[in-house]
Amino acid sequence: MSIFDSLNQPAAPAPAAKPEEGSFTFTFERLPESVQELKALPEAALDTPYKTAALTVCALCAYAAAPAIGTEMLNFLKGPAPLSPYEISFLNDRFRDSKLVPFSYFKGAVPENSYSPDKPFTLTVFSNPYSFQNEGRATLHLTSGGADSPRQIKLRLKPSEGKWYLSEQMILVGIRPPKSADPWA
């Protein structure tokens, strides 16, 4: 090992700029059905927390249909920290009674139509003044057609890659039952 070896190392990447605050809408002609399809989407660059949050909803929709495929997608979005056994157990528990929750974040998905989203699939991810309080971390929000208040997705920047990864999602909480399943409707 030479004393000059450290000089031949590539320069550290420039620090990532603070993400832009606001509201970003994403449109998907169809939802990805494999991790390869997910990775082929332009949002898979994961260069903004908004893109990662939008893909998280897609991955959770896949998990509702095929847990093994959804797990692969979520592990891609989680980067260096794949799903823990606790997180997998939590997901299985959340999807035990209903698989509709992740679909409720797409435009047009409301209780009256049993959370059938408009096509193409469109969703909006937004920030608020508190979303970027901690450097390298983001808490973004999504609105569900079956809930009164926005739900959160937490993300973390990996500076060496300039990519935002899923840290924690809090969007799989209860929504109003679909009108077809509501005995009081």
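These legends go with a set of close-up views of a predicted model.

**View 1. The whole chain, with four helices and five strands.**
Start here to get your bearings. Going along the sequence, you meet the elements in the order β-α-α-α-α-β-β-β-β. The chain has 185 residues, and 38% of them are buried. Its accessible surface adds up to about 10400 Å², and carbon and sulfur atoms hold 54% of that. As for contacts with a separation of 6 or more, 59% are between residues 24 or more positions apart.

**View 2. Helix α2, residues 49–65.**
This helix is 17 residues long and spans 25 Å from first C-alpha to last, close to the 24 Å expected at 1.5 Å a residue. How many of its residues are buried? The count is 15 of the 17, so the rest of the structure largely encloses α2.

**View 3. Leu46, in the loop that leads from α1 (35–40) to α2.**
Keep an eye on the backbone here. Most residues other than glycine have a negative phi. Leu46 isn't a glycine, yet its phi is positive, at about 55°. Leu46 is also buried, because its relative accessible area is 0% and the cut-off for buried is under 20%. Also in this part of the sequence, Asp47 and Lys51 pair up through their side chains in a salt bridge, 2.7 Å from N to O. Both ends of that bridge are partly exposed: Asp47 has a relative accessible area of 41%, and Lys51 comes in at 21%.

**View 4. Salt bridges, with Lys78 and Glu87 as one of the pairs.**
Side chains of opposite charge can pair when their charged atoms come close. The model has seven salt bridges in total. Lys78 and Glu87 form one with their side chains, at 3.3 Å from N to O. Is Lys78 buried or exposed? At 6% relative accessibility, Lys78 is buried, whereas Glu87 is partly exposed at 22%. Elsewhere, shared partners link Arg30, Glu33 and Glu37 into one salt-bridge network. Within that network, the side chains of Arg30 and Glu33 come together at 3.4 Å, N to O. Arg30 is partly exposed, with a relative accessible area of 46%, and Glu33 counts as exposed at 53%.

**View 5. Ser104, in the loop between α4 (85–97) and β2 (121–126).**
What does the side chain of Ser104 make a polar contact with? The partner is the side chain of Ser144, at 2.7 Å. Ser104 is buried, with just 1% relative accessible area. Setting aside residues up to four places away in sequence, Ser104 touches Ala109, Tyr115, Thr143, Ser144, Gly145 and Ile175.

**View 6. Tyr115 and Pro120, two residues of the loop between α4 and β2.**
Tyr115 is one of the residues that Ser104 touches. Tyr115 has a positive phi of about 60°, even though it isn't a glycine. Its relative accessibility is 2%, which puts Tyr115 among the buried residues. Further along the loop, look at the peptide bond from Lys119 to Pro120. Most peptide bonds are trans. The one joining Lys119 to Pro120 is cis, with omega near 0°.

**View 7. The hairpin of strands β4 and β5.**
Strands β4 (residues 151–158) and β5 (residues 163–170) run antiparallel, joined by seven bridges. If you want a pair to look for, Leu157 has Trp164 in β5 as its bridge partner. Four residues sit between the strands, and Gly162 in this hairpin has a positive phi near 70°. In a regular strand the side chains alternate between the two faces of the sheet.

**View 8. Val173, in the segment that follows β5.**
Which residues is Val173 in contact with, leaving aside its neighbours within four places in sequence? They are Arg94, Val101 and Arg151. Val173 and Arg151 are 22 residues apart in sequence, with their C-alpha atoms 8.4 Å apart in space. Val173 is partly exposed, at 34% relative accessibility.

Technical notes. Residues numbered from 1 in each chain as written. Predicted model: local features only at pLDDT ≥ 70, side-chain atom pairs only at ≥ 80, totals over all residues. Heavy atoms only, no water. Expected span 1.5 Å × (residues − 1). Buried < 20%, exposed > 50% of the residue type's maximum accessible area, 1.4 Å probe, protein only. Contact = heavy atoms within 4.5 Å. Areas by Shrake-Rupley, 256 points an atom, 1.4 Å probe, with all protein chains shown as cover. Salt bridge = Lys/Arg side-chain N within 4 Å of Asp/Glu carboxyl O. Polar contact = N/O pair within 3.5 Å; in protein donor to acceptor, adjacent residues only side chain to side chain. Pairing = 2+ DSSP bridges.
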